[in-house]
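Thank you all for coming. I would like to take a few minutes to walk through one structure, going from helix packing to some individual residues, so please have a look at it before I go on.

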Amino acid sequence: MDAAKIMIVEDNTTVAEDCRECLEQSGYQVTSIASSGEDAIAQASIEQPDAVLMDIKLRGEMDGIEAAAQIHSCLAIPVIFLSAYSDDNLLHRAKETGSFGYLIKPFHERELFAMLEMTLYKARAEKERQQLEDKLHEIKKVEAIGRLAGGVAHDFNNMLHVIMGYTQCAMDKVDPDGSVYRNLQEVLKTVDLSAELVKQLLTFARKQIIEPRVLDLNHNAQRSISMLRRIIGEDIDLVWQPAQDLWPVEMDPTQIDQILANLCVNSRDAIVGGGRITVETGMMSFDQQYCAVHPDALEGDFVQLSVSDNGHGMVKEILANIFEPFFTTKEHGKGTGLGLATVYGIVKQNNGFIAVDSKPGQGTTFNIYLPRYIAETVELSVDKPPMNTGLKGNETILLVEDEPNILQMTAAMLREQGYTVLPTILPGKALRVARAHAGKIDLVLTDVIMPEMNGQKLVKVLMSICPNIKYLYMSGYSADVMAHSGVLIESSNQCLQKPFSKKQLVVKIRQVLDNNKHNNNHDTEQEGLEEVPSMQTKDKQER
């Protein structure tokens, strides 16, 4: 352990030097000696000692008690008074400064050392307590953001869902080569961007259902770059250098957005004035020999995502702690210390690893390695051409949605595909319709959180009326809100997250209807459990 740093404030030179010699012989480090209260405050702010030994009667207009009050309140440095005086007035004033001790001169050196050690111990304990309180405050702040995000996401997603649905319906009725169609395409692009922003907010708050999929990292990173240029600012050059013929990876695309956002914002904050941030991709293979030298590395083929900057860089002491939750070098209120910790968690969750290279004055490079996805047939998750007629159907669907606009629009979409739709606005009415319906009801498409009962309980009751009915949920709420309402959604395959497109709706409907091995009991008997994130298919990854 490093020697404790002590500052002496004493206007008697002989006494001050004797005190210095005594402390240094006992293993303490004396940072400086001040002879006035004004000098003590100035030196303490620069040297940041672990404790201050303060005489009360000093040179100048400020006595030791006034100086101690400012040092303790502004710099949070513990002060021990050393004085030949002990009248009631002095003692009362000294207590009001929050001092850690009061020794009457002359005193034995053992008394001084005992007081110093107790003071240093209490100061460390107080600092640790304050750090824990700060962390708790940050956790509560993030939880509050998460609750706000969940509530806002529901209402915002419902509105986006209506805009998206009616825009797509309008596009089906106009000339694809006309200007109106192109204008509607721009509306749809804006809705998609807005939906992505909501997803990113929920992902930050760790309240989004994770949806791993096989994807082209270049394609998804390119979309993020466009948004990041606005966040980074015009004085910083954001350079995008994608590798050709990149291997596919399997992960949730919103996590890529989150990784890039956190790393690029971190790089931006490290740059003073103008600068340069470079985002690039590549492919790397690591063997057993390399991993033996680099303990954090993993063996196998990896897709590399790098973010580098020409900022001020980091010293080794900071570099060793950058992935610790709540660790930050930014000013108070400028950073939560969660950004890089979140990046680290995402990478580990996807069976990857991170390497960081940084030197003071030379910038920083974050190299993220994500496992290459290998399969006999790889279908990358990218934008696909318009849907075909093979997605039509003639089955009967019971539609349950408590938002009239969404109910009407979704029913119209399904009818256009040939389905018979039984639209109902509340679960109670849905049960009455199911009991009264003479024919077969093939599927129930239901909102999750509604008045009377949630969607999962509704499905359970419907199964007693229509034993072979299949089900699909839809919701604008975040995963944790659904979990708190007693709804377990184990997989994204069971739920359409609003806003969803017409194509996403009819594709998912057909997937559920055509799945003969659908397990009707799996999630309806587990009410009240917490939401479990969907797991990645590890047997499809070779590392």
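Let me begin with a convention of handedness: a crossing is called right-handed if the near helix is turned clockwise from the far one by less than a right angle, and left-handed if it is turned anticlockwise. What you have in front of you is a predicted model, and with that in mind, helix 13 passes helix 14 in a crossing that is right-handed. The axes of these two elements, helix 13 with residues 427-436 and helix 14 with residues 455-465, come within 10 Å and cross at roughly 15°. Since angles under 35 degrees count as roughly parallel, helix 13 and helix 14 are therefore roughly parallel to each other. On the side of helix 13, the residues that meet the partner are Pro427, Ala430, Leu431, Ala434 and Arg435, while helix 14 brings Leu458, Val461, Leu462 and Ile465. Sorted by class, this contact of helix 13 with helix 14 has eight nonpolar residues, one charged residue and no polar ones.

I would now like to turn to another pair. Helix 2, residues 37-47, and helix 3, residues 64-75, have axes that come within 9 Å and cross at roughly 20°, which makes helix 2 roughly parallel to helix 3. The crossing of helix 2 and helix 3 is right-handed. The contact is made by Gly37, Ala40, Ile41, Ala44 and Ser45 from helix 2, together with Ala67, Gln70, Ile71 and Leu75 from helix 3. Here the count by class is six nonpolar, three polar and no charged residues for the contact of helix 2 with helix 3.

Stepping back to the whole chain, we have 16 helices and 17 strands, and of its 543 residues 47% count as buried. Among contacts between residues at least 6 apart in sequence, 73% join residues that are at least 24 apart. The accessible surface of the chain comes to about 27700 Å², with 51% of it belonging to carbon and sulfur atoms.

For a single residue, let us take Phe302, which is found in strand 10, residues 300-309. Is Phe302 buried or exposed? With a relative accessible area of 0%, Phe302 is buried. If we leave aside neighbours within four places in sequence, Phe302 is in contact with a list of residues that includes Trp247, Met283, Phe286, Phe353, Tyr369 and Arg372. Phe302 and Val249, for their part, are 53 residues apart in sequence and 8.6 Å apart in space, taken from C-alpha to C-alpha.

Asn351 is also among the contacts of Phe302, and its backbone deserves a word, as phi of Asn351 is near 60°, a positive value in a residue other than glycine. Asn351 is found in the loop between helix 11 (339-349) and strand 11 (353-359), and it is buried, with a relative accessible area of 14%.

Gln48 has a phi near 50°, again a positive value in a residue other than glycine. Gln48 is found in the loop between helix 2 and strand 3 (51-55), and at 38% relative accessibility it counts as partly exposed.

Finally, a word on a peptide bond: the one from Lys105 to Pro106 is cis, with omega near -10°. Pro106 has its place in the loop between strand 5 (101-104) and helix 5 (109-171).

Technical notes
Residues are numbered from 1 along each chain as its sequence is written. This is a predicted model: local features need pLDDT of at least 70, side-chain atom pairs count only at pLDDT 80 or more; totals for chains, interfaces and linings use all residues. Side-chain values use heavy atoms; hydrogens and water are left out. Axes are lines fitted to C-alpha atoms, for helices over the stretch in contact, and angles run from 0 to 180 degrees between N-to-C directions. Helices (H or I, at least four residues) and strands (E, at least two) are DSSP runs, numbered from the N terminus. Angles under 35 degrees count as roughly parallel, over 145 as roughly antiparallel, 65 to 115 as roughly perpendicular and the rest as oblique. Contact means heavy atoms within 4.5 Å. Ala, Val, Leu, Ile, Met, Phe, Trp, Tyr, Cys and Pro count as nonpolar, Asp, Glu, Lys and Arg as charged, and the others, Gly among them, as polar. Buried means under 20% relative accessible area, exposed over 50%, partly exposed in between (1.4 Å probe, protein chains only). Accessible areas come from the Shrake-Rupley method with a 1.4 Å probe; for residues, only the protein chains shown count as cover.
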